[in-house]
Amino acid sequence: MARVVPLRYDTAFKKAFSQPDIFCQFAKDVLGIEFHTDEVRQGYKFLKPVGQVDIEYDLFAEDPESRIVVEVQHVKERHFYNRFLYYHLVNLVEQVKSSKAYEFEQTVYTIVVLTSPSRESEIDFSVAVTDFNPINEFSRKVEAYPHQLVFLVPRMVNEKTPPGIKTWLELVLDSLDGEIDESRFAAPAFEKVIHAVTRDNISPGELRVLKDEEDWEDSLVYEHKRGLEEGHEKGLEEGLEEGNQQATKKIALSLISEGLDTEFIARTTGMSEVNIEKLRKL
């Protein structure tokens, strides 16, 4: 077993997947395309911001025909899907330099790797692809756009996960506890990933960045736990309040059935005379 930095951390993921040969093999297995690049840039920004948000891509690479962005996301934020759709579209829009030429010279692929343990019903897949092609009235796809936005969820890997993608997801998943069973991943690309994130190969500078990531993750866990506890307490309070209201209503109905007047019932139960009159009409 190799002791590794889990691939949910940006530090580890970027270090491993920014190696051009690993990036290209990952792109080939996930997207089914031949992709060649000599440089994978980390924290890449366009020289001029596009739109209202100055975004930064985790990993960015391109060749004459394609642009590929890979994003690793550990916490599924409320705006998760919108955020990465925006990232994807900006990567397209940046190519259009003139209103006289709405052309995308490069096909854009955005791959989002979600490593969090999602319990949401909407995350019931290991692979999901948006290809932007319209469907006509005959339920046939119109092959208009080659661009793709791909979501990968290692924790949801299953027997339906495409074989080329499955081993990559299993590699990420196996790393999340800080250890990887090297015997399961014998291919050269996987061996290079494991070597890159082995604890002994992490530099002091990378360890400092990793510590910041760990602290940030711990703070999120704390905030999430506190939110659950506050929600639980609020639920108990609301439950007690609802229970008291139901008990008061039951007493008022009993007094009404005995023929007592509204003013007396109001003084006894604390209910308003208006609500008591509503109960009389039930």
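User: Buried means under 20% relative accessible area, exposed over 50% and partly exposed in between (1.4 Å probe, protein chains only). With that, which residues of strand 4 are buried on one side and on the other?
Analyst: On one side they are Ser66, Ile68, Val70 and Val72, and on the other Arg67, Val69, Glu71 and Gln73, so both faces of strand 4 are covered. Strands (E, at least two residues) and helices (H or I, at least four) are DSSP runs numbered from the N terminus. This is a predicted model in which local features need pLDDT of at least 70 and side-chain atom pairs count only at pLDDT 80 or more, while totals for chains, interfaces and linings use all residues. Residues are numbered from 1 along each chain as its sequence is written, and side-chain values use heavy atoms, without hydrogens and water.

User: Why is strand 4 described as largely enclosed?
Analyst: Because 8 of the 8 residues of strand 4, residues 66–73, are buried, the strand is largely enclosed by the rest of the structure.

User: In what sense do strand 3 and strand 4 pair?
Analyst: Strand 3 (residues 57–62) pairs with strand 4 in the antiparallel sense over 4 bridges, where pairing needs at least two DSSP bridges between the strands. A hairpin of 3 residues connects strand 3 to strand 4, and Phe60 has Val69 of strand 4 as its bridge partner.

User: And strand 5, parallel or antiparallel to strand 4?
Analyst: Strand 5 (residues 107–114) is parallel to strand 4, with 8 bridges between them. Among the bridge partners, Arg67 faces Val108 of strand 5.

User: Which residues touch Ile68, leaving aside its neighbours within four places in sequence?
Analyst: Ile68 is in contact (heavy atoms within 4.5 Å) with Phe23, Ala27, Leu31, Ile33, Phe35, Leu59, Phe60, Ala61, Tyr109 and Ile111.

User: Which members of the largest nonpolar core touch the most others?
Analyst: Leu7, Ile68 and Ile111 do, in a core of 44 residues; such a core is a set of buried Ala, Val, Leu, Ile, Met, Phe, Trp, Tyr and Cys residues joined through side-chain atoms within 4.5 Å. Elements giving two or more residues to this core include helix 1 (10–17), helix 4 (163–175) and helix 5 (188–197). Helix 2 supplies the largest share of the core, 7 residues. Another core, of 18 residues, lies apart from it and includes Tyr44, Tyr57, Phe84 and Leu149.

User: Changing topic, what do the buried residues of helix 3 pack against?
Analyst: They pack against strand 3, strand 4, strand 5 and strand 7 (148–152). The buried residues of helix 3 are Phe80, Phe84, Tyr87, His88, Val90, Asn91 and Leu92.

User: How many helices and strands does the protein have?
Analyst: The protein has 8 helices and 8 strands. Of its 282 residues, 39% count as buried. Among contacts between residues at least 6 apart in sequence, 58% join residues at least 24 apart.
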